[in-house]
Amino acid sequence: MKPLFISAALLLTACQSAPAPSQGETLYINSQLVDCVGVGPMQCMQVRSDEQQPWTFFYQQIEGFQFEPGYQYQLSVSTEQLTDVPADASSLRYQLIKVVSKVASK
């Protein structure tokens, strides 16, 4: 009986400490990659969370999303808070929920 209780307690503890992904966040992606500097020189997407905001560099990937130059995107993404990440890495993981729109840039 005691090993079963300990196993159940450990399982509940593990479930409670796991970060839950967010339900959905909108990201707008600009049509071209731009030069930026992360750990070294690289190409970054330009993103914003509102169409009225300026574009900002996005230094990471969105799991499940394949960027295609020449298109502006509106995406629904989930974010997950990560723990124990290196100092030069993001503490958020982005995953594609769906492509809301994909429009050829002008």
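These legends go with a set of close-up views of one predicted model.

**View 1. The whole chain, with one helix and seven strands.**
Start here to get your bearings. If you walk along the sequence, you pass the elements in the order α-β-β-β-β-β-β-β. The chain has 106 residues, and 22% of them are buried. Its accessible surface comes to about 7600 Å², with 56% of that belonging to carbon and sulfur atoms. How many of the contacts between residues at least 6 apart in sequence join residues at least 24 apart? The share is 51%.

**View 2. Strand 3 and its partners.**
Zoom in on strand 3, which covers residues 41-48. Strand 1 (25-29) runs antiparallel to strand 3, and two bridges join them. One place to look is Ile29, whose bridge partner in strand 3 is Val47. Strand 2 (34-37) is also antiparallel to strand 3, this time with four bridges. Strands 2 and 3 form a hairpin, with three residues between them. Then there is strand 4, residues 56-58, which pairs with strand 3 in the antiparallel sense over three bridges. To find that pairing in the model, look for Gln46, which stands opposite Phe57 in strand 4. While you are following these strands, here is a handy rule: in a regular strand, side chains alternate between the two faces of the sheet.

**View 3. The disulfide between Cys36 and Cys44.**
There is one disulfide in the structure, and this is your chance to see it up close. The two sulfur atoms, one from Cys36 and one from Cys44, sit 1.8 Å apart. Is Cys36 buried or exposed? Cys36 is buried, with a relative accessible area of 5%. Cys44 is buried too, and its value is 0%. Try looking along the S-S bond: the torsion there is about 75°, so this disulfide is right-handed. Cys36 has another partner to spot, as it stands opposite Met42 in strand 3.

**View 4. Asn30, a buried residue in a loop.**
Asn30 belongs to the loop between strand 1 and strand 2. Why does Asn30 count as buried? Its relative accessibility is 12%, and buried means under 20%. Now look at what surrounds Asn30. Which residues does Asn30 touch, once you leave aside its neighbours within four places in sequence? The list is Gln46, Trp55, Phe67, Tyr71 and Gln72. You have already met Gln46 in the second view, where it stands opposite Phe57.

**View 5. The salt bridge between Glu63 and Arg93.**
The structure holds two salt bridges, and this view shows one of them. First, the basic idea: side chains of opposite charge can pair when their charged atoms come close. In the pair shown here, the closest N and O atoms of Glu63 and Arg93 are 3.8 Å apart. Glu63 lies in strand 5 (residues 62-63) and Arg93 in strand 7 (residues 92-104), so the pair ties together parts that are 30 residues apart in sequence. How open to the outside are these two? Glu63 is partly exposed at 39% relative accessibility, and Arg93 is partly exposed at 29%.

**View 6. The salt bridge between Glu68 and Lys102.**
Here the side chains of Glu68 and Lys102 meet, with 2.7 Å from N to O. This pair links distant parts of the chain, as the two residues are 34 apart. Where is each of them found? Glu68 is in the loop between strand 5 and strand 6 (71-81), while Lys102 is in strand 7. Glu68 is partly exposed, with a relative accessible area of 36%. Lys102 is partly exposed as well, at 39%.

**View 7. Ser90, in the loop between strand 6 and strand 7.**
Last stop: find Ser90 in its loop. Is Ser90 buried or partly exposed? At 31% relative accessibility, Ser90 counts as partly exposed. Now pick out Tyr59 in the same view. Ser90 and Tyr59 are 31 residues apart in sequence, and their C-alpha atoms are 8.6 Å apart in space.

How values were computed:
Residues numbered from 1 in each chain as written. Predicted model: local features only at pLDDT ≥ 70, side-chain atom pairs only at ≥ 80, totals over all residues. Heavy atoms only, no water. Buried < 20%, exposed > 50% of the residue type's maximum accessible area, 1.4 Å probe, protein only. Contact = heavy atoms within 4.5 Å. Areas by Shrake-Rupley, 256 points an atom, 1.4 Å probe, with all protein chains shown as cover. Salt bridge = Lys/Arg side-chain N within 4 Å of Asp/Glu carboxyl O. Pairing = 2+ DSSP bridges. Disulfide = S-S within 2.5 Å.
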